[in-house]
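Me: I want to go through the charged pairs of one chain. Can you take my questions in turn?

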Amino acid sequence: MSGLVTGDAVVLGLQPARLPSRALAVLIDLVVVWAGYLLLTLGLAVATASLDEAAVMAVSIASFLLVLVGAPIAVETLTHGRSLGKLACGLRVVRDDGGPIRFRHALVRGAMGVVEILMTFGVVACVASLVSERGRRLGDVFAGTLVVRERMPAARTVAVPPPPPWLVGRFGGLDLSAVPEGLWLEIRQYLTRSRELDPVVGRRLAERLADELVTRTGTPPPAGVPADAYLTGVVAERQARDARRAFARGAGAAGGAAAPRDGAPMGGAAASGPPVGFPPVAAPAAASPAASPVAPPSAASPVVTPPGTGGGRRSTGFAPPA
């Protein structure tokens, strides 16, 4: 990437185009220009058949300058640095400060292109581009321009892993309105890169993020649930709420229904249910079949101590991974 600095002291991250892509763009432009020049030459040969030799030579020179020199300059000026070949290859000519080029830039580039490309068959342009750190030919150096890539490959996105099946829908009572976007971003970054981290470091990071999330929601963590599983379950719940909110907003535009506030539970059943306290995943053998799957909070429920309060070793309240 090339760090170009604009007049407002803004650094632009642009990727300069290299010789292969620039050569392909020039080849496409030359094919189009020479095809137009040959068609124009044939037409002028028929139109100037009755003229003398001096007039035919003057018309030939004028057509050469008009098509092979003037046409590229006009195209780059009107399109702000995007000829047909550059458009096909995803390239663009910009100034040294990242701004669009003007007529004087295109004029210098076109005039130097006659020497670099047409008269030397591109040898001078290739050598200059290979020597230059940013792949510029002599026309770019004299004009103060740079050819950059407009189409960049899309970054590979990693989806957040889904929560365990036994945690799906079990966080419907959490109030997520006090959780800042910065914490959500940290949690998503951890979940998408957890496999790349050291197991000990990853577990500590998950416990720290889960403790902060519990502090923001004001709800003790479920008993027997690891920190990473807790994070995936809460993130899945937030994504489900966002999806339902978007659907309700689209339906409310037609029927007048209002979407709930950000972070609020969706649906009456979820709002009326107890928001805290989940039993362990494996129920004891003596448990009654009629027992409710969601237990209310009790004194035995583990409570997370917020960071910075109390002394000694801080207890996370999350079960270690199996």
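Reply: The questions below concern salt bridges and burial in this predicted model.

Me: How many salt bridges does the count come to?
Reply: Side chains of opposite charge can pair when their charged atoms come close. The cut-off used here is a side-chain nitrogen of Lys or Arg within 4 Å of a carboxyl oxygen of Asp or Glu. By this rule the count is 16.

Me: Is arginine 22 buried or exposed?
Reply: Arginine 22 sits in helix α1, residues 19–47. Its relative accessibility is 11%. Buried means under 20%, so arginine 22 is buried.

Me: Which side chain makes a polar contact with the side chain of arginine 22?
Reply: Arginine 22 touches several residues beyond four places in sequence, including Leu91, Arg109 and Asp140. The polar contact spans 2.9 Å. The partner is aspartate 140.

Me: How far apart are the closest N and O atoms of glutamate 76 and lysine 86?
Reply: The two residues form a salt bridge. Glutamate 76 is in helix α2 and lysine 86 in helix α3, ten residues apart. Glutamate 76 is buried at 7%, and lysine 86 is buried at 7%. The N and O atoms are 3.6 Å apart.

Me: Which residues are joined into one network by salt bridges that share partners?
Reply: Arginine 109 and aspartate 140 meet in a salt bridge at 2.1 Å, N to O. Arginine 109 lies in helix α4 and aspartate 140 in helix α6, so the pair ties together parts 31 residues apart in sequence. Both are buried. Shared partners give one network: Arg22, Glu76, Lys86, Arg109 and Asp140.

Technical notes:
Residues are numbered from 1 along each chain as its sequence is written. This is a predicted model: local features need pLDDT of at least 70, side-chain atom pairs count only at pLDDT 80 or more; totals for chains, interfaces and linings use all residues. Side-chain values use heavy atoms; hydrogens and water are left out. Helices (H or I, at least four residues) and strands (E, at least two) are DSSP runs, numbered from the N terminus. Buried means under 20% relative accessible area, exposed over 50%, partly exposed in between (1.4 Å probe, protein chains only). A polar contact is a pair of N or O atoms within 3.5 Å; within protein, one must be able to donate a hydrogen and the other to accept it, and residues adjacent in sequence count only if both atoms are side-chain atoms. Contact means heavy atoms within 4.5 Å.
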